[in-house]
Amino acid sequence: MTVPQLETPQPITWSQPSHADVLHVVTPTSADAESFSSYAVAARFIPANTILSILHDSATPTSTVAYSSVQVSEKQSIELNSDFLFCNHSCDPSVVFDMTPEHMEVRSLRDIQKGEMITFFYPSTEWSMAQPFDCLCKSGKCIGRISGAKDIKKDVLERYWLTEHIRRLKKKQESEQS
Ligand SMILES: [Zn+2]
């Protein structure tokens, strides 16, 4: 996953393209572009409910949280180490990262046209983000500042597909506040 306004270039530690059958990475070069962040687009038409990638065969959960990691449980995250790092956040996402420590996969939420951005709702996996940012997704559903599920009201969060650990953490937060 990527966030806007990164201060340091991202080291690429895998051979690109990693998933050429499903996604392409686009790197804006025009000075007119709103953001210089690279992003992932669909390499072909992807029907709803398609598994884009199974991650659990190659990923090892650790306790390290970084801008490039995706949370798989209350205390563990994985590094994607693939072009899926370029799936940007959207408040109207096209894919979900279905994550538990044992089972991790990327699935399409709806039909995705060839060339359309592949995006996911970061707070669906992330409780507290290493690098909060102001969302520029321009969706009618945009919720603005993205800093993790901990800062989103329950009724807003419930509009989205969420991982089990985010559901558990929100429940815990609620019971501690009441
Ligand atoms: Zn947004």
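Q: A residue is buried if 20 or more other C-beta atoms lie within 10 Å of its own. By that rule, what share of the protein chain counts as buried?
A: This model is predicted. The chain has 178 residues. The share of them that counts as buried is 33%.

Q: What pattern does the protein chain follow along the sequence?
A: The protein chain holds two helices and 11 strands. Read along the sequence, the strands precede the helices. The pattern is β-β-β-β-β-β-β-β-β-β-β-α-α.

Q: Among contacts between residues at least 6 apart in sequence, what percentage join residues at least 24 apart?
A: Start with the contacts in the protein chain whose residues are at least 6 apart in sequence. Then keep those that join residues at least 24 apart. That leaves 63%.

Q: Which element gives the largest share of the largest nonpolar core?
A: The largest nonpolar core has 31 residues, and those with the most contacts inside it include Ile-78 and Phe-120. Three elements give two or more residues to this core: β2 (39–42), β7 (95–99) and β8 (104–108). The largest share is four residues, and it comes from β7.

Q: Which residues of β7 does Phe-120 touch, leaving out residues up to four places away in sequence?
A: Strand β7 covers residues 95–99. Phe-120 touches Cys-87, His-89 and Pro-93, among others. Within β7, the residues touched by Phe-120 are Val-95, Val-96 and Phe-97.

Q: How many residues make up the other core, which lies apart from the largest one?
A: Its members include Trp-127, Ala-149, Ile-152 and Ile-166. The full count for this core is five residues.

Q: How far apart are the end C-alpha atoms of helix α2?
A: Helix α2 has 14 residues, 164–177. At 1.5 Å a residue, they should span 20 Å. The model agrees, because the end C-alpha atoms are apart by 20 Å.

Q: Within what arc do the buried residues of α2 fall, seen down its axis?
A: The buried residues of α2 are His-165, Ile-166, Leu-169 and Lys-170. They line one face of the helix, because they fall within an arc of 135°.

Q: Which exposed residues does α2 carry on the face turned away from its buried side?
A: The buried residues of α2 are covered by elements including β4 (69–71) and α1 (154–157). The face turned away from that buried side carries exposed residues. These are Glu-164, Lys-171, Lys-172, Glu-174 and Ser-175.

Q: Which residue of β2 stands opposite Val-26?
A: Strand β1 (residues 23–26) pairs with β2 in the antiparallel sense over four bridges. In β2, Ala-40 and Ala-42 form the covered face, while Tyr-39 and Val-41 form the uncovered one. Opposite Val-26 stands Tyr-39.

Technical notes: Residues numbered from 1 in each chain as written. Predicted model: local features only at pLDDT ≥ 70, side-chain atom pairs only at ≥ 80, totals over all residues. Buried ≥ 20, exposed ≤ 12 C-beta atoms within 10 Å, placed from the backbone. Contact = placed C-beta atoms within 7 Å. Core = buried A, V, L, I, M, F, W, Y, C linked by C-beta atoms within 7 Å. Expected span 1.5 Å × (residues − 1). Arc of directions from axis to C-beta. Pairing = 2+ DSSP bridges.
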